[in-house]
Amino acid sequence: MRSNGRSARIQVLVAERAARRGAGIGVVDVCTATVAALPVGGAGLSAMSRTAASHPLCSTDGISEQLEELQLTLGEGPCVDAFLHGSAVLTPDLLTGELRHRWAVFADAAVDARARALFALPVRMGAISPGVLDLYSDVPTVLDTEEPADALAFADLATLLLLDARIEETGAPIGGPLPDRGFADLGAYRAEIDQATGILTVQLGAGAGAGAGVDEAFVRLRAYAYLQGRRLAAVAADVVDHRLRFSPDAEPDRTDEET
């Protein structure tokens with residue numbers, strides 16, 4: 001996750017977009033705020049999976065919608081590479097010879113759709129990767145020193161919103177549509193998940209001779225939420241309040257009493 005100062009600024013920008021819609025914060029506000037803050041013409045967000053069909057979740061305009069569909073249909077492009085490798089793919093100019101060879105079909109199709117630059121940011125926390133945030137420009141574009149970090153911070157916020165919406169590894173939302181979230185609770189929400197992950201790191205390492213690691217702890221937290229059909233935030237609160245305890249070799253132990 002990114003620095004607290006940058007994250008707070010990004011949250012404010014996204015909250016302002018939600019306020020204009022007259023609704024709580026959703027992934028569409030992440031996309032529109034990213035476009036307003038960075039030198040790009042549009043943004044799209046797709047839910048992605050290694051085991052099931054991926055699909056677009058939102059886009060800010062027709063070009064970004066077309067770019068999402070092209071990449072998911074063709075199985076190539078910055079979005080696909082960012083998901084597979086778990087790292088940002090920054091493409092200042094799609095007409096670069098190397099890129100046209102790398103994405104033989106997509107590069108030309110994207111240019112035909114009036115995109116020249118594409119920036120793909122994995123929506124990722126630990127080992128969980130529910131999708132990719134894509135940004136495009138209709139002219140060759142190089143992001144300056146701070147802009148890639150801002151783009152990743154927007155992707156971080158999209159991650160939290162998608163995880164709270166219980167996007168499974170299949171990429172399909174369960175239990176209804178993506179929820180809107182209010183700005184006031186975003187900071188506390190993020191902090192509680194981080195705190196719960198830290199607690200689980202200690203619990204899972206107890207008696208095992210070594211710490212379980214933050215990634216493993218988050219995977220266990222997320223897996224439990226999936227299996228129980230509960231929101232990640234609710235499970236994190238139970239861990240922090242000592243109503244739920246994990247161990248390396250047994251199922252999580254839940255009690256209604258705080259210890």
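This passage walks through a predicted model, moving from a buried acidic side chain to a cavity, a covered helix, the salt bridges and helix α9.

A good place to begin is E68, which lies in helix α3, a stretch covering residues 62–74. E68 is buried yet takes part in no salt bridge. As a general point, side chains of opposite charge can pair when their charged atoms come close. For E68, the nearest side chain of opposite charge belongs to R114, and R114 is 15 Å away. A salt bridge needs a side-chain nitrogen of Lys or Arg within 4 Å of a carboxyl oxygen of Asp or Glu, so a gap of that kind is not bridged. E68 does have a polar partner, however: a polar contact of 2.5 Å joins its side chain to the side chain of S46. Once neighbours within four places in sequence are set aside, the residues in contact with E68 are G44, L45, S46, P56 and D134.

E68 also appears in the wall of a cavity. The count of cavities of 30 Å³ or more comes to 1, and the largest cavity has a volume of about 30 Å³. Its lining consists of G42, A43, G44, S64, L67, E68, L118, D134, L135 and Y136. Three elements, namely β1 (42–47), α3 and β5 (128–137), each supply at least two residues of this lining. Two of the lining residues, G44 and D134, are also among the contacts of E68.

The next helix, α4, spans residues 78–85 and is mostly covered, with 6 of its 8 residues buried. The buried residues of α4 are P78, C79, V80, D81, A82 and F83. What lies over them? The cover of these buried residues includes α3, β3 (89–91), α5 (97–102), α6 (106–112), β4 (117–125) and β5. Helices and strands thus both appear in this list. After α4 comes G86, a residue whose phi is positive, near 70°.

Attention now turns to charged pairs. How many salt bridges does a search of the whole structure find? The search finds 9. In one of them, the side chains of E146 and R6 meet at 2.2 Å, N to O. E146 sits in the loop between β5 and α7 (147–164), whereas R6 belongs to helix α1 (residues 4–21), so this pair ties together parts that are 140 residues apart in sequence. The two partners can also be described by their accessibility. E146 is partly exposed, with a relative accessible area of 43%, while R6 counts as buried at 16% relative accessibility.

A salt bridge also links R9 and D150, with their closest N and O atoms 2.7 Å apart. Because R9 lies in helix α1 and D150 in helix α7, the pair ties together parts that are 141 residues apart in sequence. R9 is partly exposed, its relative accessible area being 38%, and D150 is buried, with a value of 10%. These residues can be viewed as a group: salt bridges that share partners join R6, R9, E146 and D150 into one network. Another salt bridge of the model brings together the side chains of R243 and D241, at 3.2 Å from N to O. D241 counts as partly exposed at 28% relative accessibility.

The last stop is helix α9, residues 214–228, where V214 has its place. Is V214 buried or exposed? V214 counts as exposed, because its relative accessibility is 54% and the cut-off for that label is over 50%. V214 and T197 are 17 residues apart in sequence, and their C-alpha atoms are 6.5 Å apart in space. With neighbours within four places in sequence left aside, V214 is in contact with T197 and T201.

R220 is found in helix α9 as well. At 23% relative accessibility, R220 counts as partly exposed. Its side chain reaches the backbone oxygen of S247 at 3.3 Å. R220 can also be set beside P248: these two residues are 28 places apart in sequence and 10.0 Å apart in space, C-alpha to C-alpha.

Methods: Residues are numbered from 1 along each chain as its sequence is written. This is a predicted model: local features need pLDDT of at least 70, side-chain atom pairs count only at pLDDT 80 or more; totals for chains, interfaces and linings use all residues. Side-chain values use heavy atoms; hydrogens and water are left out. Helices (H or I, at least four residues) and strands (E, at least two) are DSSP runs, numbered from the N terminus. Buried means under 20% relative accessible area, exposed over 50%, partly exposed in between (1.4 Å probe, protein chains only). Lys and Arg count as positive and Asp and Glu as negative; His and the chain ends are not counted. A polar contact is a pair of N or O atoms within 3.5 Å; within protein, one must be able to donate a hydrogen and the other to accept it, and residues adjacent in sequence count only if both atoms are side-chain atoms. Contact means heavy atoms within 4.5 Å. On a 1 Å grid over the protein atoms alone, a cavity is a set of points where a 1.4 Å probe fits but cannot get out, and a pocket is an open set with protein on both sides within 12 Å along at least five of seven lines; lining residues have an atom within 4 Å of a point. Grid points are joined across faces, edges and corners, and a volume is the space filled by probe spheres set on the points.
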